[in-house]
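Reader: I should like to understand how the terms applied to a protein structure are justified. Could the reasoning be set out step by step?

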Amino acid sequence: MFHSLLTHPNSLFGQFDRLQRELDDIFGTSGLPSSIRSVASGTAPQINVGRTPQSVEIYAFAPGLDASKIEVTLDRGVLRLAGERVQPAADGERRRFYARERATGRFDRSVTLPDDVDPDQVKASYRDGVLQISIARREAAQPKRIAIQ
């Protein structure tokens, strides 16, 4: 039996899903969500931003990208990540997708950083599909222990 009206093939949403797949095949709209109920996350990588007493840490989840083609810039307190995720080449045959959740195309993501970061002390590394950016906080922003006399 069907668990929900959303999964029933003759439901309104089932018909929209079928129509969406047919339009994707006709127009070749790659990188867009293939389901009308999909959340279009765009091509921007998902990020986590946090801070320690010594630094601000940014993790961008970007599997399958070439690290040399990711542009990372820091200008006036705004960190910018830009690049492009290319669609894999088809093997000479036209493929039909029933679901396509991995977006392709250019991305450009900006994050406003706290005022206490030091733009001269930035480290970036890319490993296992995760871009880690560590930006040191200024010495004046570091917590200091005060000795009691």
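Author: Let us start with a definition: a residue is buried under 20% relative accessible area, exposed over 50%, and partly exposed in between. The model considered here is predicted.

Reader: Why is Asp 108 called partly exposed?

Author: The relative accessibility of Asp 108 is 48%. The range for partly exposed lies between 20% and 50%, and therefore Asp 108 counts as partly exposed.

Reader: How do you know that Asp 108 forms a salt bridge with Arg 80?

Author: A salt bridge requires a side-chain nitrogen of Lys or Arg within 4 Å of a carboxyl oxygen of Asp or Glu. The closest N and O atoms of Asp 108 and Arg 80 are 3.1 Å apart, so the pair meets the rule. This pair links distant parts of the chain, with Asp 108 in strand S5 and Arg 80 in strand S4, 28 residues apart. Arg 80 also meets Glu 71 in a salt bridge, at 3.1 Å from N to O.

Reader: What makes Arg 80 and Glu 71 partly exposed?

Author: Arg 80 has a relative accessible area of 25%, and Glu 71 has 37%. Both terms follow because partly exposed covers the range between 20% and 50%.

Reader: Which residue forms a salt bridge with Arg 137?

Author: Asp 116 does, with the closest N and O atoms 2.7 Å apart; the limit is 4 Å, so the term salt bridge applies. Arg 137 is in strand S7 and Asp 116 in the loop between S5 and S6, 21 residues apart. Both Arg 137 and Asp 116 are buried. Arg 51 is linked with Asp 116 and Arg 137 in a network of salt bridges.

Reader: How many salt bridges does this rule give?

Author: The count comes to six.

Reader: Why is Arg 76 called exposed?

Author: Arg 76 has a relative accessible area of 78%; exposed means over 50%, so the term applies. Arg 76 is located in the loop between strand S3 and S4. Although Arg 76 is not a glycine, its phi is positive, at about 50 degrees.

Reader: What makes Asp 128 exposed?

Author: The relative accessibility of Asp 128 is 71%, and the cut-off is over 50%, so Asp 128 counts as exposed. Asp 128 lies in the loop between strand S6 and S7, and its phi is near 55 degrees, a positive value in a residue other than glycine.

How values were computed. Residues numbered from 1 in each chain as written. Predicted model: local features only at pLDDT ≥ 70, side-chain atom pairs only at ≥ 80, totals over all residues. Heavy atoms only, no water. Helix = DSSP H or I, 4+ residues; strand = E, 2+ residues; numbered from the N terminus. Buried < 20%, exposed > 50% of the residue type's maximum accessible area, 1.4 Å probe, protein only.
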